[in-house]
Amino acid sequence: MAEGERQSPPDALEDTPPATQNFIIPKKEIHTVPDMGKWKRSQAIEKLVTLLNTLDRWIDETPPVDQPSRFGNKAYRTWYAKLDQEAENLVATVVPTHLAAAVPEVSVYLKESVGNSTRIDYGTGHEAAFAAFLCCLCKIGVLRVDDQIAIVFKVFNRYLEVMRKLQKTYRMEPAGSQGVWGLDDFQFLPFIWGSSQLIDHPYLEPRHFVDEKAVNENHEDYMFLECILFITEMKTGPFAEHSNQLWNISAVPSWSKVNQGLIRMYKAECLEKFPVIQHFKFGSLLPIHPVASC
C-alpha cells in the first residue's frame, strides 16, 4: 500500500475546619503520566515497581554474549534462569504474609510474562500473562480498585520499559508475529489503554500518531505515542509499509472509535487464537470453565 493511501477503612472523626481555612474550586491535577507522582498510590504499586526495577537491574548484570546468530542472544537464558529461581521471592515482597499461600500460583504468571527462554522470543501471549499476574493480585486483594490508574500508567508502563529493554538487549524474536499485517510485533494492550487515555484530547487526533513531530513532542505523556516511537526506532522504511495496520487506524476519526476497534481486534486476534491461548496457564485464581457438552 502506498504511504498516501489509508483505509478508513473505621469512620473518621468529623473535624470542624479551622477558621483560617482557605477554600478553592477543585480542579484537575492529573493531566499526564508524570503527574501520577502527585497521586497517593498503595504500597503494592510501589512494591511492584521495585520488583520490575529488579528485573531491569538484572539485565544490566547479564550483558549479551558474543555469538554467530544475530537474534536470540543466549544470555537471555541466564537472565531468565535467575527470574525462574527468584520469582516466588520477588512476588512474596508484594503479597502480605497472610496471603503467602497464593505466591506460588501468582508467580507463575510473572515468569510467563517475560518471554520464552527456549525460543528466546516474546509476544502478546507473554504480555497477557502479565495482565493475568496483575489480575491475580487484584483478585486476592493486594491491588485495589483505587489503584486502577496506577496499575496501567505506573506498573504496566514500567513493565513495558523492561520488556523493551529485554527485546533490544537480547534481540528477542517476536512470537507469532504477523509481520506487516499485525498491529505490533510484541505488544497490544498498551495500544488499547493508550487510545483510551487520548479520548477527548483537545488537539491530538488519531491522524497525529503518524506525524513524527507530534510523536516526538508528546510520547513521554501518552502510552500510545510511546508505542509508536518504539516502533519507529526499531523499524526502518515508510511507516505505511512496516506498520500497515496502524497506518490504516490513523485514518479513524476519533480515539473512542480506535479504542473500540482495538478491543474487538484484541479479542479476535489474541484471546480467541489457539496459538496464543494454548500457552496460557489456568489455576484457582484464573480457572478455565469446561464447555458444557450437548
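## Arg171, between a helix and a strand

Arg171 sits in the loop that links helix 5 (148-169) to strand 2 (173-174). Keep in mind as you look around that this is a predicted model. The backbone at Arg171 is worth a glance: its phi is near 45°, a positive value, and the residue is not a glycine.

How exposed is Arg171? Its relative accessibility comes to 29%. Because buried stops under 20% and exposed starts over 50%, Arg171 with its 29% counts as partly exposed.

## Asp200, between two helices

Asp200 is another loop residue to check, this one in the stretch between helix 6 (189-197) and helix 7 (212-218). Here too phi is positive in a residue other than glycine, with a value near 65°.

As for the surface, Asp200 has 72% relative accessibility, so it counts as exposed.

## Leu52, in helix 1

Now for a helical residue. Leu52 belongs to helix 1, which covers residues 43-61. Is Leu52 buried or exposed? At just 1% relative accessibility, it counts as buried.

Which residues does Leu52 touch, leaving aside those up to four places away in sequence? The contacts are Phe130, Val155, Arg158, Tyr159 and Val162. Val155, Arg158, Tyr159 and Val162 are among these partners, and helix 5 spans 148-169, if you want to find that part of the chain on screen.

You can also pick out Leu90, which is 38 residues from Leu52 along the chain. The C-alpha atoms of Leu52 and Leu90 are separated by 9.4 Å.

Conventions:
Residues are numbered from 1 along each chain as its sequence is written. This is a predicted model: local features need pLDDT of at least 70, side-chain atom pairs count only at pLDDT 80 or more; totals for chains, interfaces and linings use all residues. Side-chain values use heavy atoms; hydrogens and water are left out. Helices (H or I, at least four residues) and strands (E, at least two) are DSSP runs, numbered from the N terminus. Buried means under 20% relative accessible area, exposed over 50%, partly exposed in between (1.4 Å probe, protein chains only). Contact means heavy atoms within 4.5 Å.
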